[in-house]
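User: I would like to learn how to read a model of this kind. Please start with how the chain is held together along its sequence.

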Amino acid sequence: MTTSVKWLFTAIAAVLAAVGTLAIVTEVHTASTRFHGIVTVFGEDAVWAGQTGLLLAALPLLVWLPARWVGWAGAAWWLVLMAWIFGPMFLR
């Protein structure tokens, strides 16, 4: 993969991180959903959405890892994402 493509993925991660950080700081997050249209969440829900956005921003940065680590790092990222999303349901 060329360096310019890696920088493109880094820019995508930066945008995701900026949106996530903005949602955490302002405690407001607006998104478009498939079945409900445009939805705005406030407070704790917006902070959770922002933290999820920060977690999603880490995925495009895997392009900077050596090829032998990408699979393991991707699997670890996936497990953390699933624990983040589904963990609270099982801990109730």
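Analyst: A contact means heavy atoms within 4.5 Å. Of the contacts in the chain with a separation of 6 or more, 49% are between residues 24 or more positions apart. This is a predicted model, in which local features need pLDDT of at least 70, side-chain atom pairs count only at pLDDT 80 or more, and totals for chains, interfaces and linings use all residues. Residues are numbered from 1 along each chain as its sequence is written, and side-chain values use heavy atoms, with hydrogens and water left out.

User: Which pattern does the chain follow along the sequence?

Analyst: Helices (H or I, at least four residues) and strands (E, at least two) are DSSP runs, numbered from the N terminus. Here the order is α-β-β-α-α, giving three helices and two strands.

User: Which elements have the lowest and the highest mean pLDDT?

Analyst: pLDDT is the predictor's confidence in each residue, from 0 to 100. Where pLDDT is low, the predicted coordinates should not be read in detail. In this chain the average is 95, and 100% of the residues score at least 70. Strand β1 (residues 28-33) has the lowest mean among the elements, 93, and helix α1 (residues 3-26) the highest, 97.

User: Is F9 buried or exposed?

Analyst: Buried means under 20% relative accessible area, exposed over 50%, and partly exposed in between (1.4 Å probe, protein chains only). F9 lies in helix α1 and counts as partly exposed because its relative accessibility is 31%. Across the 92 residues of the chain, 21% count as buried.
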